[in-house]
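User: I would like to learn how to read the features of a structure model, one kind at a time. Could we begin with the aromatic rings?

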Amino acid sequence: MTDTVTDHANLFIFPPSKSPHLLNPLVLAYIGDAVYEVYIRQYVISGLNHRPNHLHKASTGYVSAKAQSKLLEALMPMLTEEEVDMVKRGRNAKSGTTAKNAEVLEYRHSTAFECLIGYLYYKQSFERLKEIMDFALTYKKQT
């Protein structure tokens, strides 16, 4: 087996069993949560303070239901029709669980945001995905 640059760049090589637009929105939110969490963790680790408590608090400012809900509200005018449709699917999905530290509407909107992230990830729209996640960083700094 030969190691190439592309082998290293593509760690996540397991495509979904269906086309992304056919996946349950909660499945998209499940993977979207993980993708966004890794992005944010990499961002906070790029800073100078690596104390675990600091990393956790810094990450929570981005990945909490409340933060994602506010972010989605700011993002909505920038989204394409296809992306808005995916957000609506995520928002309307019945998860069967409740948020620990968020209002029901915040939880639904954070699920909608994660659904969008998961959709773009599985659709391999990496440029657009990065654009949205970079917006999250800029938005957080402004608020």
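Analyst: In this predicted model, ring pairs link Y121, Y122 and F126 into a cluster, where rings of Phe, Tyr and Trp (its six-membered ring) pair if their centres lie within 6.5 Å, and planes under 30 degrees apart count as stacked, over 60 as edge-to-face and the rest as tilted. Because this is a predicted model, local features need pLDDT of at least 70 and side-chain atom pairs count only at pLDDT 80 or more, whereas totals for chains, interfaces and linings use all residues. Residues are numbered from 1 along each chain as its sequence is written, and side-chain values use heavy atoms, with hydrogens and water left out.

User: How many aromatic pairs does the structure hold, and how is the pair of Y36 and F113 arranged?

Analyst: A pair of aromatic rings is described by the distance of the centres and the angle of the planes. The structure holds five aromatic pairs, and in one of them Y36 and F113 meet edge-to-face, with 4.9 Å from centre to centre and 80 degrees between the planes. This pair links distant parts of the chain, since Y36 belongs to helix α2 (residues 25–45) and F113 to helix α6 (residues 104–122), 77 residues apart; helices are DSSP runs of H or I with at least four residues, strands are runs of E with at least two, and both are numbered from the N terminus.

User: Are Y36 and F113 buried or exposed?

Analyst: Buried means under 20% relative accessible area, exposed over 50%, and partly exposed in between, with a 1.4 Å probe and protein chains only. Y36 has a relative accessible area of 1% and F113 one of 0%, so both count as buried. The pair of Y121 and Y122 is tilted, at 5.5 Å centre to centre and 45 degrees between the planes, and both of these residues are buried as well.

User: What surrounds L116?

Analyst: Contact means heavy atoms within 4.5 Å. L116 is found in helix α6 and is buried, at 0% relative accessibility. Leaving aside neighbours within four places in sequence, L116 is in contact with L79, E83, M86, V87 and I132. With E83 the separation is 33 residues in sequence and 6.6 Å in space, C-alpha to C-alpha.

User: How should I read the salt bridges, and which parts does the bridge of E82 and K123 tie together?

Analyst: A salt bridge is a side-chain nitrogen of Lys or Arg within 4 Å of a carboxyl oxygen of Asp or Glu, and by this rule the count comes to five. The side chains of E82 and K123 meet in one of them, at 3.2 Å from N to O. Because E82 lies in helix α5 (residues 81–92) and K123 in the loop between α6 and α7, the pair ties together parts that are 41 residues apart in sequence. E82, at 37% relative accessibility, is partly exposed, and so is K123, at 36%.

User: Which salt bridge joins residues of helix α7?

Analyst: R128 and E131 meet through their side chains in a salt bridge of 2.5 Å, N to O, and both lie in helix α7, three residues apart, about one turn of the helix. R128 is buried, with a relative accessible area of 16%, whereas E131 is partly exposed, at 41%. E83, R128 and E131 are linked in a network of salt bridges.
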